[in-house]
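Please walk through the fold shown here, starting from one charged pair and working outward.

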Amino acid sequence: MKELITKADMLDIVINNQVIKDDFLEIFKRASECMELVFAVDVKEVYPSSHSYSLVNKLGLTYDARLSGDEDMPKIGLLIIILNVIFMKGNCASEEEIWEVLNMMNLYSEGKYLIFGEPRKSITKDLVQEKYLEYCQVPNSDPPCYEFLWGPRAHSETSKMKLLEFLTRIHESDPKCYSSQYQEALRDESDRAQATAAARTSPTATVKASSRARFSTFAHP
């Protein structure tokens, strides 16, 4: 519900055994690590005085499954897996390649799961409608074959470097171990930096800065 989580709530609802409560810090640490590795979520302490925590997506993705009418847990973990597969496959992954990876996680096309809901609906409809994925028919394919690409919202909210760093953290390796993907991620970071710099010096930005300066001069002669 996007409400703050308190230590008191965790002790009362989850860890209701006094012996286990003595190990709260270790349990909390391990649970936070699992949240990071499975869902790319950081557990951030917001108010130290009341030990209140919030969940923050560390990759910048803002997808909320509830906006699509789903009542189950947000499928951010599923999205991250698919974005990684697409990136590692050269920025375009066939439907078969996506399901090959998901099947290894015991997620199947026709299945329905407590956490991920209906994976096929999620990746071919919900995540496509939310602009995180593009689901396209391969030209001239007969019978029709489909492939996945990053959608515009994925490009705007996260980056290839963030995804690569997350992937290598899971496998306890280094981004440089994936040489071609690492070089591509570096180019992507450079292109993003140049685009940001260009936007700051665009005529529109210059006009806005000039207008602010004129207003400041008028307000404070």
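**From a salt bridge to the fold**

Arg120 and Glu95 form a salt bridge, with their closest N and O atoms 3.1 Å apart. The pair links distant parts of the chain: Arg120 sits in helix H6, Glu95 in helix H5, and their positions lie 25 residues apart. This is a predicted model. How exposed or buried are the two partners? Arg120 counts as partly exposed because its relative accessibility is 27%. Glu95 has a relative accessible area of 11%, so Glu95 is buried.

Stay with helix H6, which covers residues 119–129. Its buried residues are Pro119, Ser122, Ile123, Thr124, Asp126 and Leu127. What do the buried residues of H6 pack against? Two helices are on the list: H4 (76–88) and H5 (95–104). Two strands are on it as well: S5 (133–137) and S6 (146–150). Just after H6, Lys131 takes a positive phi of about 70°.

Now the other salt bridges. The count for the protein comes to nine. One of them lies within helix H9 (residues 179–200), where Asp188 and Arg192 are four residues apart, about one turn of the helix. Their side chains meet at 2.9 Å, N to O. Asp188 has 15% relative accessibility and therefore counts as buried. Arg192 is partly exposed because its relative accessible area is 25%. Elsewhere, salt bridges that share partners join Glu130, Arg153 and Glu157 into one network. Within that network, Glu157 bridges to Arg153, and the closest N and O atoms are 3.0 Å apart. Both residues belong to helix H7 (residues 152–157). They are four residues apart there, so about one helical turn separates them. Glu157 counts as buried because its relative accessibility is 18%.

Turn next to a sheet. Three strands make an open sheet in the order S1-S3-S2, with antiparallel pairing. Strand S1 (5–6) and S2 are the edge strands, since each pairs on one side only. Helix H3 (residues 24–39) packs on this sheet and touches S2 and S3. The direction of H3 makes about 130° with that of S2. Strands of a sheet pair through backbone hydrogen bonds, either parallel or antiparallel. How many bridges join S2 to strand S3? There are six, and the two strands run antiparallel. S3 spans residues 52–57. Within S3, Tyr53 stands opposite Glu45.

Strand S2 takes in residues 41–47, and Tyr47 lies in it. Tyr47 counts as partly exposed because its relative accessibility is 46%. Which residues make the nonpolar surface patch with Tyr47? They are Leu4 and Val46, and the patch comes to about 260 Å².

Step back to the whole chain. The protein has ten helices and six strands. Of its 221 residues, 34% count as buried. Its accessible surface comes to about 14,000 Å², and carbon and sulfur atoms account for 57% of that. Contacts across the sequence complete the picture. Among contacts with a separation of 6 or more, 49% come from residues 24 or more positions apart. The bridge between Arg120 and Glu95 likewise links distant parts of the chain.

Key. Residues numbered from 1 in each chain as written. Predicted model: local features only at pLDDT ≥ 70, side-chain atom pairs only at ≥ 80, totals over all residues. Heavy atoms only, no water. Patch = residues over 30% accessible without salt bridge, like charges linked within 9 Å, V, L, I, M, F, W, Y side chains within 5 Å. Areas by Shrake-Rupley, 256 points an atom, 1.4 Å probe, with all protein chains shown as cover. Salt bridge = Lys/Arg side-chain N within 4 Å of Asp/Glu carboxyl O. Buried < 20%, exposed > 50% of the residue type's maximum accessible area, 1.4 Å probe, protein only. Contact = heavy atoms within 4.5 Å. Pairing = 2+ DSSP bridges. Axes fitted to C-alpha atoms, helices over the stretch in contact; angles between N-to-C directions.
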